[in-house]
Amino acid sequence: MPLENQNRNFINMYTDPIADFLTRIRNASRANHKVVEIPASNLKKEITKILFDQGYILSYKFETETPQGSIKIALKYDKETKEPVIRDIQRISKPGLRKYSGSTTLPRILNGLGCAIVSTSKGVMTGKQAKQLNVGGEVICYVY
């Protein structure tokens, strides 16, 4: 691969920190890691809290040793089959193509078994919560 293409790929990796966050979780769960460490931001912290509240991760810890800080996430696995609880986590709204949804058109993931994470004017929340509060917003990701 020419050097120009390598630099372009390297730059694109950091233009979407939320996609990087989701990819780190996806890769760590597929590799059966117990803990994954991710650079922190306020949006990533809110998504982490939602993943914990919905039962997709075991626990989390916000570290503030560096100026940016980091998030340590303990991944959750099924006790019997040792399969990761997070089957898939997909980025929906991307920097190049934002996806917005009104309160009436918020998606249901796997017929209600999954979770859509939505950034609304009232904060980051699940699709179900947004529907109850009658607010729409940017659909960040799907988790199931």
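## Basis and terms

Two strands count as paired if DSSP finds at least two bridges between them. Helices (H or I, at least four residues) and strands (E, at least two) are DSSP runs, numbered from the N terminus.

The model is predicted, so local features need pLDDT of at least 70 and side-chain atom pairs count only at pLDDT 80 or more, while totals for chains, interfaces and linings use all residues. Residues are numbered from 1 along each chain as its sequence is written, and side-chain values use heavy atoms, with hydrogens and water left out.

## Sheet

β1 and β3 are joined by 5 bridges in the antiparallel sense. Val36 has Ile73 of β3 opposite it. Between β2 and β3 (residues 70-75) the pairing is also antiparallel, over 6 bridges, and Glu63 has Ser70 in β3 as its bridge partner.

The result is an open sheet of 3 strands in the order β1-β3-β2. β1 (35-39) and β2 (57-63) are the edge strands, each pairing on one side only. On average, neighbouring strands are turned by 20° against each other, direction ignored; axes are lines fitted to C-alpha atoms, for helices over the stretch in contact, and angles run from 0 to 180 degrees between N-to-C directions.

## Helices on the sheet

Helix α2 (residues 17-30) packs on the sheet and touches β1 and β3, contact being heavy atoms within 4.5 Å. The direction of α2 makes about 165° with that of β1. Helix α3 (residues 42-53) also packs on the sheet, touching β1, β2 and β3, with its direction at about 155° to that of β2.

## Faces of β1

Side chains alternate along β1. Val36 and Ile38 point to one face and are buried (under 20% relative accessible area; exposed is over 50%, partly exposed in between; 1.4 Å probe, protein chains only). Val35, Glu37 and Pro39 point to the other face and are not buried.
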